[in-house]
Amino acid sequence: MNRIQALAPEVINQIAAGEIIERPASVLKELVENALDAGGTDLTVSVQDGGLRSLRLVDNGMGMSAEDARLAVRRHTTSKLRGIDDLQALRSFGFRGEALASIASVSKLTLCTKRPDDEVGTRLRMVGDDIVAEEQVGLAGGTDLLVEDLFHNVPARRKFLKTPGAEYAKLHETLVRLALPAAETSFRLIKDGKQVLHLPATSSFVARICKAFPQLLPEHLLEVSEQREEASLYGFLSGPDYSRSMARQVMFYVNGRLISDRRLGYAVQEAYRTLLLVGRHPFCVLFLNLPPDRVDVNVHPQKSEVRFLHPEQVFSLVLHTVRAALSGLGKPATASIELPSSAGLPPLPCFEPTSPRRGAGTWLPATPREPLLVQASLFDVPSPPSLPMQPELGEESGDYAETGRYYRDLVYLGQFRRTYLVCERNEELVLVDQHAAYERLNFEWLAAAYRNGRGASQDLLFPERVELGRELGADYDRLATALGRLGFVLEPFSSTSVVVRSVPEILARGDVAGLVEDAFAELTSLGDELSLGRALDNLLATMACHQSVRADQPLAEEDVRRLFRDLDTISNAHHCPHGRPIHQSLPLPELERLFKRR
Ligand SMILES: Nc1ncnc2c1ncn2[C@@H]1O[C@H](COP(=O)(O)OP(=O)(O)OP(=O)(O)O)[C@@H](O)[C@H]1O
Ligand SMILES: [Mg+2]
């Protein structure tokens with residue numbers, strides 16, 4: 001007997017289905033994408049037992065003829081692609097022609113569908129790969145897909161499913177993510193007979209976001225919008241006042257398609273560095289639009305990953321746009337929930353490149369953000385010239401353009417425990433953490449000095465030898481140049497050690513060896529393009545901290561006034577480089593409530 005045998009068609013289909021349909025949330029994704037591709041504007045999802053018992057999606061899209069319905073559930077049948085070249089101009093979510101067939105082969109599927117102008121609709125019932133019943137039915141125009149007993153015939157896969165509660169949570173999250181860009185489509189989620197979510201159709205993107213993420217307030221959000229060559233980026237971010245312990249609210253869409261991309265996640269993380277505490281993550285939804293021939297969507301059966309023709313440009317676009325938006329951050333203004341009408345929503349499912357609308361959102365922070373400075377920080381390591389989308393660092397980085405007027409409006413009342421500056425501002429009692437304030441100020445000044453290559457330097461009376469414990473190697477030059485801009489003068493001493501001749505003025509009494517060692521260790525251990533930036537950032541934060549006025553230190557009134565004036569001239573004036581808030585306020589009504597006056 002032959003050892004090798006051809007697999008039975010249903011086994012082939014089940015194996016293929018396994019790549020696409022992993023759990024109820026993957027069924028939901030495929031069905032929602034089909035409904036959006038079909039032009040549906042009103043989608044209702046009903047689930048029982050976390051989608052394990054049943055998952056149903058009713059849409060009001062274009063429906064199908066009886067003939068098309070029969071084809072739709074077959075493998076490799078699609079209305080969205082004719083030839084492979086069409087992939088270069090794809091404007092739909094689907095194109096592989098296998099989602100419905102895959103779902104059918106691992107569940108019991110019932111498809112009811114009718115085109116709006118047809119008299120009657122079609123109902124197909126499938127078990128595995130077979131259509132077991134077909135009949136005509138009356139229904140409104142659209143499609144109604146019911147998926148029951150998922151993986152009833154694949155016990156191995158069923159075993160890996162989580163509890164209905166956990167599967168439901170994933171379904172909910174998936175629906176919200178899919179619904180975010182489709183603001184003009186209404187989504188309902190019914191869980192075990194009860195409506196648990198309704199995202200009504202809206203022309204306001206912010207309204208959709210805030211409805212989908214009830215913990216977010218419009219004033220938490222910053223708009224970003226940037227265009228470089230043929231790529232454009234549009235989206236919303238939270239400021240440093242909002243963070244989560246998981247990165248689940250960091251979402252990327254490429255030409256309207258939800259994708260996961262670790263590098264882009266990393267870019268966002270980098271952009272928030274020094275603004276959020278370690279381990280915290282922002283809300284961030286970014287829509288990247290690229291000409292379809294610059295991105296390959298056909299690299300993953302679930303279509304959840306894409307390949308960029310120029311990944312480094314995309315990375316740079318995300319990193320610098322997010323960072324620029326954050327660096328212009330002021331206190332959020334009062335937020336109106338509607339998008340300015342001129343902003344409009346990018347069309348779906350594929351976002352057309354929009355013209356740059358820098359600072360378009362009138363409901364965004366009061367601080368003027370025009371032009372957006374690509375700010376600073378040391379982490380702006382010069383990138384290889386082959387990256388045309390790198391922003392230029394502006395001349396302006398050195399002079400401290402006024403960026404806000406939060407602090408100058410504070411009336412200083414006194415110091416509490418020689419640590420907190422007690423102030424009033426309008427109808428609020430405000431406490432400023434003096435150490436955090438000086439830390440941020442010094443950090444920004446050091447960063448500016450670095451950018452200008454003007455860190456004031458002081459020669460050491462006794463040059464200090466620093467043993468780095470490993471080969472200096474190729475990284476040495478980059479490290480020495482970067483540290484040189486801060487005011488360090490280093491020379492190689494042996495293959496594993498350097499001599500430090502001069503140090504930044506402010507560090508004259510600091511732990512020079514420790515800092516150089518740390519910077520070098522970080523640089524070599526991370527070993528990627530951002531590592532120098534990270535090393536320098538940490539170095540700066542340490543230097544800033546070292547140099548700062550400490551807690552438990554008396555301050556003269558004029559020092560406080562100068563501090564407030566200086567704080568108003570820098571970016572990121574509301575959080576210290578470690579992400580801790582610099583000030584907290586207690587509004588008068590809350591104070592009155594405390595005293596039972598209200
Ligand atoms: N809700 C729907 N309304 C109208 N037509 C639909 C709907 N769902 C599926 N179809 C039709 O059935 C076809 C097959 O759907 P299926 O999801 O299997 O493949 P696809 O969307 O073309 O590609 P992919 O496998 O990448 O999702 C689609 O091309 C579309 O013509
Ligand atoms: Mg599809």
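Colleague: Which domains does the lining of the second largest cavity draw at least three residues from?

Modeller: Domain 1 (9-199) and domain 2 (205-372), each giving at least three; the bounds come from an automatic or database domain assignment. This is a predicted model, where local features need pLDDT of at least 70, side-chain atom pairs count only at pLDDT 80 or more, and totals for chains, interfaces and linings use all residues. Residues are numbered from 1 along each chain as its sequence is written, and side-chain values use heavy atoms, without hydrogens and water.

Colleague: What makes the second largest cavity a cavity, and the largest pocket a pocket?

Modeller: On a 1 Å grid over the protein atoms alone, a cavity is a set of points where a 1.4 Å probe fits but cannot get out, whereas a pocket is an open set with protein on both sides within 12 Å along at least five of seven lines; lining residues have an atom within 4 Å of a point. The second largest cavity has a volume of about 100 Å³, and the largest pocket about 1,200 Å³. A volume is the space filled by probe spheres set on the points, which are joined across faces, edges and corners.

Colleague: Why are Val 560, Leu 563, Phe 564, Asp 566 and Leu 567 of α14 called buried?

Modeller: Because buried means under 20% relative accessible area (1.4 Å probe, protein chains only), and these five residues of α14 (557-567) are buried. They cover an arc of only 165° around the axis, so they lie on the same side of α14; the arc is that of the directions from the helix axis to the C-beta atoms. On the other side, Glu 558, Arg 561 and Arg 565 are exposed, meaning over 50%.

Conventions
Chains are lettered from A and ligands numbered from 1 in the order in which they are written. Helices (H or I, at least four residues) and strands (E, at least two) are DSSP runs, numbered from the N terminus.
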